[in-house]
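Got your viewer open? Let's take a walk through this model, one selection at a time.

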Amino acid sequence: MDYNNGEPVRAGRIRAAEFVNQGKSYRVVYFKTDSSHGDYYTPDGKSIRKAFLRSPLEFSRISSGFSLSRFHPVLNTWRAHKGVDYAAALGTKVKVTADGTVSFVGKQGGYGNVVIVEHQSRHTTVYGHLSRFASGLRRGQRVGQGDIIGFVGMTGLATGPHLHYEFMVNAQHRDPLRAALPDAAPLDNTQKLAFQEATRSLTARLGVLRDTNLAKLD
Ligand SMILES: [Zn+2]
């Protein structure tokens, strides 16, 4: 909790928590990996976050799913739809679904304005029909999960504003709504030392809290 003149003003970030799911107890601790990024980790340093967001838009509806054969509304032919379309208002923010490096920013045929991002473990994501790109976005730029890379539009072959999103593993298209998503990278050895140092007292306090709660139940 953050305080102003002794009055609580808002809940601060939860630093450590213990929760029980299906009879199993889990502990998580918040740890900053650098000055602007942080995550929740188990006490042994494993991230509880997935490496990929399931969707690049917060509020949207799926207007066309992944399909090996669908009737294309502009081309008027049957062809594979190797991505997912999200209908959303023109200008809706598009977020990159995982940490990675931008490999393409520009126009490309039916995609219109498109951003392509390469990720760890040979994943690639594609964001098409954008109205515009995030300012200054360029090839080779490092991006973090959730960073805004562009805005929904209808450039290229599109009948209305929507985001066309593709998810590839080893250059093979996968359905992003069904594919198993890899876990976020664990802490490296240097980070792990700092993590253990920073979390020792927090996990000890969790232990005290748990004993207190158990005592109350007795
Ligand atoms: Zn599409």
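**Stop one: three strands side by side**

Select valine 105 and valine 115: valine 115, in E12, is the bridge partner of valine 105. Keep in mind as you click around that this is a predicted model. Now show E11 and E12 whole, and you'll see an antiparallel pair held over six bridges. Follow the chain round the hairpin of these two strands, where five residues sit between them, and pick glycine 109, which has a positive phi near 45 degrees.

Go back to valine 115 and look towards E13: the bridge partner there is tyrosine 127. E12 and E13 run antiparallel too, joined by six bridges. Their hairpin has three residues between the strands, and serine 121 takes a positive phi near 50 degrees in it.

Is E12 enclosed or open? Six of its seven residues are buried, so E12 is largely enclosed by the rest of the structure.

**Stop two: tyrosine 111**

Next, select tyrosine 111, in the loop between strand E11 (100–107) and strand E12 (113–119). Its relative accessibility is 25%, so tyrosine 111 counts as partly exposed: the cut-off for buried is under 20%. Which residues does tyrosine 111 touch, leaving aside those up to four places away in sequence? They are Val126, Gly128, His129, Thr155, Gly156, His164 and Glu166.

Try picking two of those neighbours. The C-alpha atom of glycine 156 is 5.0 Å from that of tyrosine 111, although the two residues are 45 apart along the chain. With glutamate 166, tyrosine 111 makes a side-chain polar contact of 2.7 Å.

**Stop three: the zinc ion**

His164 was on that list of contacts, and it takes us to the metal. Select the zinc ion: what coordinates it? The donors are His81 (NE2), Asp85 (OD) and His164 (ND1), at 1.9 to 2.2 Å. Written as a sequence pattern, the donor residues are spaced H-x3-D-x78-H. The two histidines bring together distant parts of the chain: histidine 81 is in strand E8 (residues 78–81) and histidine 164 in strand E17 (residues 162–169), 83 residues apart. Histidine 81 is buried, with a relative accessible area of 4%, and histidine 164 is buried as well, at 8%.

**Stop four: rings**

Now show the aromatic side chains. How many aromatic pairs does the structure hold? There are six. Zoom in on phenylalanine 52 and phenylalanine 167: their ring centres are 5.2 Å apart and their planes meet at 90 degrees, so this pair is edge-to-face. Phenylalanine 52 is in the loop between strand E5 (38–41) and strand E6 (61–64), while phenylalanine 167 belongs to strand E17, 115 residues apart. Both phenylalanine 52 and phenylalanine 167 are buried.

For a tilted pair, select tyrosine 127 and tyrosine 165, at 5.4 Å centre to centre and 40 degrees between the planes. Tyrosine 127 lies in strand E13 (residues 123–130) and tyrosine 165 in strand E17, so the pair ties together parts 38 residues apart in sequence. Tyrosine 127 is buried with a relative accessible area of 0%, and tyrosine 165 is buried with 1%.

Two more picks and you're done. Select Phe31, Tyr41 and Phe195 together to see one aromatic cluster. Finally, click arginine 132: its charged end sits over the ring of phenylalanine 151, 4.0 Å from the ring's centre.

Definitions and conventions: Residues numbered from 1 in each chain as written. Predicted model: local features only at pLDDT ≥ 70, side-chain atom pairs only at ≥ 80, totals over all residues. Heavy atoms only, no water. Donors = N, O, S within 2.8 Å, 3.2 Å for Na, K, Ca; no water. Helix = DSSP H or I, 4+ residues; strand = E, 2+ residues; numbered from the N terminus. Buried < 20%, exposed > 50% of the residue type's maximum accessible area, 1.4 Å probe, protein only. Contact = heavy atoms within 4.5 Å. Polar contact = N/O pair within 3.5 Å; in protein donor to acceptor, adjacent residues only side chain to side chain. Phe/Tyr/Trp six-rings, centres within 6.5 Å; stacked < 30°, edge-to-face > 60°. Lys NZ or Arg CZ within 6 Å of the ring centre and 35° of its normal. Pairing = 2+ DSSP bridges.
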